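This report is an introduction for a reader who has not met this structure before. It moves from the overall make-up to the interior, the aromatic rings, the charged pairs and the surface.

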Amino acid sequence: MFDFLYGIFGYLFRFLLPIVGNYGLALLIFTLFFRAILLPTTIKQQKSSAKMTRLQPKLKRIREKYQDYSPQERNMKIQQETSELYQREGYSSMGASCAPLLFQLPILWGLYGVIRNPLKYVLEISEEAIAALSGVMNTITAAATGEAVVTAGNAAGRASAYIEATIISNIEAIVEAKPELLTQFGAEIEKIRAFDFSVFGIDLGSIPKEFYGEFGISKASILVLAIPVLSGLTSLLTSVISQIRQKKNNPNMENQQMMGCMMLSMPLMSVWFTWSMPAAMGMYWILSNVLAFVQTLILGHIYAPRKTIAKLMVDETIYRRSYEKNRKAVLGKSEETETE
């Protein structure tokens, strides 16, 4: 299943690379494309948030209605009436909160596979060539650090997960260490050499947590180490703006403490993932957060709760009048038939 997903994402990158000529730009276009795909679910979530704001007074009345009941009976009654209210109003709490996340999971999985295995899925390098290059990369790393990087075919060790990105970054050193690889895999090595796996001077195959120990402080290392920081900051900014808007639109919102925990946990999780993954994943995370922030501001203005609630009330009024008109028409015809 995942190989099929990785293959699709690899094809998308192979399609974009000849057009833009750079993996970083391809990643930006990729992010824009999938943000556009996710836009309908984001709009739906915005509308659901506005609808929930409108439902808050009704939910409050339901809770007050059963405040003198026993805890068990009160919870049962509140849950039943709340469910009935959601059904009447056409509101789905599960869909409103989970849909965007569910849509994003396949994207993250597919992107992770392409970033983890760019030789296999983007450049379509043969498994034989990847195994040979991995073996030489393992030898070079062992000689330099005394700790062997596990080859791509061995599941032990975390470094094996990103061996292909390491090969791209060190292809010249690999060829210098074993020149006979040019005879056996010359065309594929040239394809790797021509592959621009960088953006703004950042090697997208670099892993921040390993970068400092290997290269020390330099301009390149500062740029790579800045990626987890920027990822956390952009995630925090988006979370803060979202929470401020929710509090403004719904001051009596429940679970504010839980919302505060989530506001901090998401940026921290973002920092942790981007610290231990190749810079390409961190770049995607940053781009996605920035686009999400811009999207939140724009949609927050277009689908402001007051505007959305007003439109919902107008639509419901039109629906009720149409329903009553049709009902009177049906009743009128029935009376005429009985008279005859």
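Helices here are DSSP runs of H or I with at least four residues, and they are numbered from the N terminus. Under this scheme, Ile302 lies in helix α13, which covers residues 279–302. The model described below is predicted.

**Overall make-up**

The protein contains 14 helices and 2 strands. Of its 340 residues, 39% count as buried. Its accessible surface comes to about 20,200 Å², and carbon and sulfur atoms account for 61% of that area. Among the contacts with a separation of 6 or more, 73% join residues that are 24 or more positions apart.

**The nonpolar interior**

In soluble globular proteins, nonpolar side chains tend to be buried together. In this model, the largest nonpolar core has 53 residues, and the members that touch the most others are Phe13, Tyr23, Phe30 and Leu204. Helix α13 supplies the largest share of this core, with 7 residues. Another core lies apart from it and has 8 residues, among them Leu55, Leu59, Ile62 and Leu85.

Tyr23 has a relative accessible area of 0% and is therefore buried. Neighbours within four places in sequence aside, the contacts of Tyr23 include Phe13, Leu17, Val114, Ile115, Phe195 and Ala280. Leu204 is also one of the residues in contact with Tyr23.

A further buried position is Ile192, which is found in helix α9. Its relative accessible area is 2%, so Ile192 falls under the 20% limit for a buried residue. Leaving aside neighbours within four places in sequence, Ile192 is in contact with Leu119, Leu123, Ile125, Leu133, Ile168 and Ile171. For Ile192 and Ile125, which are 67 residues apart along the chain, the C-alpha atoms are separated by 8.6 Å.

**Aromatic rings**

A pair of aromatic rings is described by the distance of the centres and the angle of the planes. The structure holds 14 aromatic pairs. One of them joins Tyr6 and Tyr121 in an edge-to-face arrangement, with 5.4 Å from centre to centre and 70° between the planes. This pair links distant parts of the chain, since Tyr6 belongs to helix α1 (residues 2–20) and Tyr121 to helix α5 (residues 118–121), 115 residues apart. Both Tyr6 and Tyr121 are buried.

Why is the pair of Phe13 and Tyr23 stacked? The ring centres of Phe13 and Tyr23 are 5.1 Å apart and the planes meet at 15°, which is under the 30 degrees required, so the pair counts as stacked. Phe13 is in helix α1 and Tyr23 in helix α2 (residues 23–65), 10 residues apart. Phe13, with a relative accessible area of 0%, is buried. Phe13 and Tyr23 also belong to one aromatic cluster, whose members include Phe9, Phe30, Phe33, Phe34, Phe195, Phe197 and Tyr284.

**Salt bridges**

The model has 4 salt bridges. The table lists three pairs with the distance between their closest N and O atoms.

| Acidic residue | Basic residue | Closest N and O atoms |
|---|---|---|
| Glu124 | Arg14 | 3.6 Å |
| Glu81 | Lys65 | 2.9 Å |
| Glu172 | Arg193 | 3.0 Å |

Glu172 lies in helix α8 (residues 171–177) and Arg193 in helix α9 (residues 181–193), so their pair ties together parts that are 21 residues apart in sequence. Glu172 is partly exposed, with a relative accessible area of 45%, and Arg193 also counts as partly exposed, at 32%. Glu172, Glu190 and Arg193 are linked in a network of salt bridges.

The pair of Glu81 and Lys65 joins helix α3 (residues 71–89) to helix α2, 16 residues apart in sequence. Glu124 lies in the loop between α5 and α6 and Arg14 in helix α1, so this bridge ties together parts that are 110 residues apart. Arg14 counts as partly exposed, at 26% relative accessibility.

**A nonpolar patch on the surface**

Which residues make the nonpolar surface patch of about 390 Å²? The patch is made by Val290, Val294, Leu297, Ile298 and Ile302. Ile302 has a relative accessible area of 46%; partly exposed covers values between 20% and 50%, so Ile302 is placed in that class.

Conventions: Residues numbered from 1 in each chain as written. Predicted model: local features only at pLDDT ≥ 70, side-chain atom pairs only at ≥ 80, totals over all residues. Heavy atoms only, no water. Patch = residues over 30% accessible without salt bridge, like charges linked within 9 Å, V, L, I, M, F, W, Y side chains within 5 Å. Areas by Shrake-Rupley, 256 points an atom, 1.4 Å probe, with all protein chains shown as cover. Salt bridge = Lys/Arg side-chain N within 4 Å of Asp/Glu carboxyl O. Buried < 20%, exposed > 50% of the residue type's maximum accessible area, 1.4 Å probe, protein only. Phe/Tyr/Trp six-rings, centres within 6.5 Å; stacked < 30°, edge-to-face > 60°. Contact = heavy atoms within 4.5 Å. Core = buried A, V, L, I, M, F, W, Y, C linked by side-chain atoms within 4.5 Å.
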